[in-house]
Amino acid sequence: MPYLNRPVLRAGTLSRTPQPTIPTGDGLLLRPWRAEDAPAVHAAFQDPVMHQWHIRAADSEEEVRGWIAEWQQAWDRESNVQWAVADAADDRLLGRVALRQVLLGDGVAEVAYWTTAGARGRGVAARATRTLARWALDEIGFQRLELSHAVANEASCRVAQKAGFALEGTKRSALLHPDGWHDMHLHARVRGD
């Protein structure tokens, strides 16, 4: 049965070129992951704040190397693409930003991010998220980007707002964290915002 609408983005929109490095213009780079990032990612995941708001733990650098291999391959699959957020001056890892649950035909993806403990409070997550959103919406042609976070995670809510993602509502009891079910704020940014 044929669809009435054409795909917003066609398969190959991302994978036909290498994953780009995207400068924020204010001291950060969104760059593809490298194997040598494993120790810094492992260290970031030892932070109690990461344990509070994320559902994944990193038990070893070897495990993280496996994640990075997956992240490196994800670009070609066009479903869950990830960037390291690095300091443009010294390439120090400051965090991660990603497009998850990419639906090219619908022109929709979910934005996710985290920062290292040392990068918090410096606007790193908001700057990286704003840059990724601008690239995805304006350069690639996505129509809508969604962003969810636990309602209790006020810092993440501030990031979403600073990055131009409007609060659209609350998904009740939507994600299981180690401390129980969390209500989640749903934010979104659409092309033209």
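This briefing covers the sheet, a helix that packs on it, and the nonpolar cores of one structure. The model is predicted. Its eight-strand sheet is open and has mixed pairing. The largest nonpolar core holds 34 residues, and a second, separate core holds 14.

**Sheet**
- The strands follow the order 1-2-3-4-5-6-8-7 across the sheet.
- Strand 1 (22-23) and strand 7 (166-177) are the edge strands, each pairing on one side only.
- Strand 7 and strand 8 (residues 180-190) run antiparallel and are joined by eight bridges.
- Lys-171 has Met-184, in strand 8, as its bridge partner.

**Helix 5 on the sheet**
- Helix 5 (residues 154-162) lies across strand 5 (108-115), strand 6 (144-150) and strand 8.
- The angle between helix 5 and strand 8 is about 10°.

**Largest nonpolar core**
- Trp-83, Val-97, Leu-99, Trp-135, Phe-142 and Leu-145 touch the most other members of this core.
- Two or more residues each come from strand 2 (28-31), strand 3 (81-87), strand 4 (93-103), strand 5, helix 4 (124-140), strand 6 and helix 5.
- Helix 4 gives the largest share, nine residues.
- Leaving aside residues up to four places away in sequence, Leu-99 touches Ser-79, Asn-80, Val-81, Trp-83, Ala-109, Glu-110, Val-111, Leu-132, Trp-135, Ala-136, Phe-142 and Leu-145.

**Second core**
- Val-41, Phe-45, Met-50 and Trp-71 are among the 14 residues of the second core.

Note on methods: Residues are numbered from 1 along each chain as its sequence is written. This is a predicted model: local features need pLDDT of at least 70, side-chain atom pairs count only at pLDDT 80 or more; totals for chains, interfaces and linings use all residues. Side-chain values use heavy atoms; hydrogens and water are left out. Two strands pair if DSSP finds at least two bridges between them. Helices (H or I, at least four residues) and strands (E, at least two) are DSSP runs, numbered from the N terminus. Contact means heavy atoms within 4.5 Å. Axes are lines fitted to C-alpha atoms, for helices over the stretch in contact, and angles run from 0 to 180 degrees between N-to-C directions. A nonpolar core is a set of buried Ala, Val, Leu, Ile, Met, Phe, Trp, Tyr and Cys residues joined through side-chain atoms within 4.5 Å. Buried means under 20% relative accessible area, exposed over 50%, partly exposed in between (1.4 Å probe, protein chains only).
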